[in-house]
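Here's a quick walk through one model, starting with a single residue and ending with a pocket. Have the viewer open as you read.

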Amino acid sequence: MECGGQRVEKAFSETDQTDDLKAITVPVLVLQGDDDQVVPYKNAAILQDKLLQNSTLKIYAGYPHGMHTTHADVINEDILAFITV
């Protein structure tokens, strides 16, 4: 898969997970950076949050697509807080 190439764009444009997301009933933490150059958060996290029945959305200012590694300290803390509630 090419990052930023036509194959990635085709996969995003042809994959519809709407029904799958609507069917999830457990609590879900949706995390994304607002500087994601691969998958814009307005096309992903915002829409996912609206489709999920029980979600918590957190958008990180300035965080990139690979935020789970570049900002692991912050992301891991938020995940841990979510799963220990």
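Glycine 33 sits in strand 1. Keep in mind that we're looking at a predicted model. Is glycine 33 buried or exposed? It counts as buried, because its relative accessibility is 0% and the cut-off for buried is under 20%.

So who's around it? Leaving out residues up to four places away in sequence, glycine 33 touches Tyr41, Tyr60, Tyr63 and Met67. There's also glycine 66 to look at: the two glycines are 33 residues apart in sequence, with 8.7 Å between their C-alpha atoms.

Tyrosine 60 has its own list of partners. Setting aside neighbours within four places in sequence, tyrosine 60 contacts Leu31, Gln32, Gly33, Asp34, Met67, Val74, Ile75 and Asp78. Some of those names come back in the largest nonpolar core, a set of five residues made up of Leu31, Tyr60, Tyr63, Met67 and Ile75.

Now for the empty space. The largest pocket holds about 550 Å³. It's lined by 25 residues, and Gln17, Val39, Asn43, Ala44 and Gln48 are the closest to its centre. Which elements give two or more residues to that lining? They are helix 1 (6-14), helix 2 (18-23), strand 1 (28-33), helix 3 (45-51) and helix 4 (67-70). So strand 1, where glycine 33 is found, is one of the contributors to the pocket lining.

Here's the lining of the largest pocket split by class:

| Class | Lining residues |
|---|---|
| Nonpolar | 14 residues |
| Polar | nine residues |
| Charged | two residues |

Technical notes: Residues numbered from 1 in each chain as written. Predicted model: local features only at pLDDT ≥ 70, side-chain atom pairs only at ≥ 80, totals over all residues. Heavy atoms only, no water. 1 Å grid on protein atoms, 1.4 Å probe; cavity = no way out; pocket = protein on both sides within 12 Å on 5 of 7 lines; lining within 4 Å. Points joined across faces, edges and corners; volume = space filled by probe spheres on them. Helix = DSSP H or I, 4+ residues; strand = E, 2+ residues; numbered from the N terminus. Nonpolar A, V, L, I, M, F, W, Y, C, P; charged D, E, K, R; others polar. Buried < 20%, exposed > 50% of the residue type's maximum accessible area, 1.4 Å probe, protein only. Contact = heavy atoms within 4.5 Å. Core = buried A, V, L, I, M, F, W, Y, C linked by side-chain atoms within 4.5 Å.
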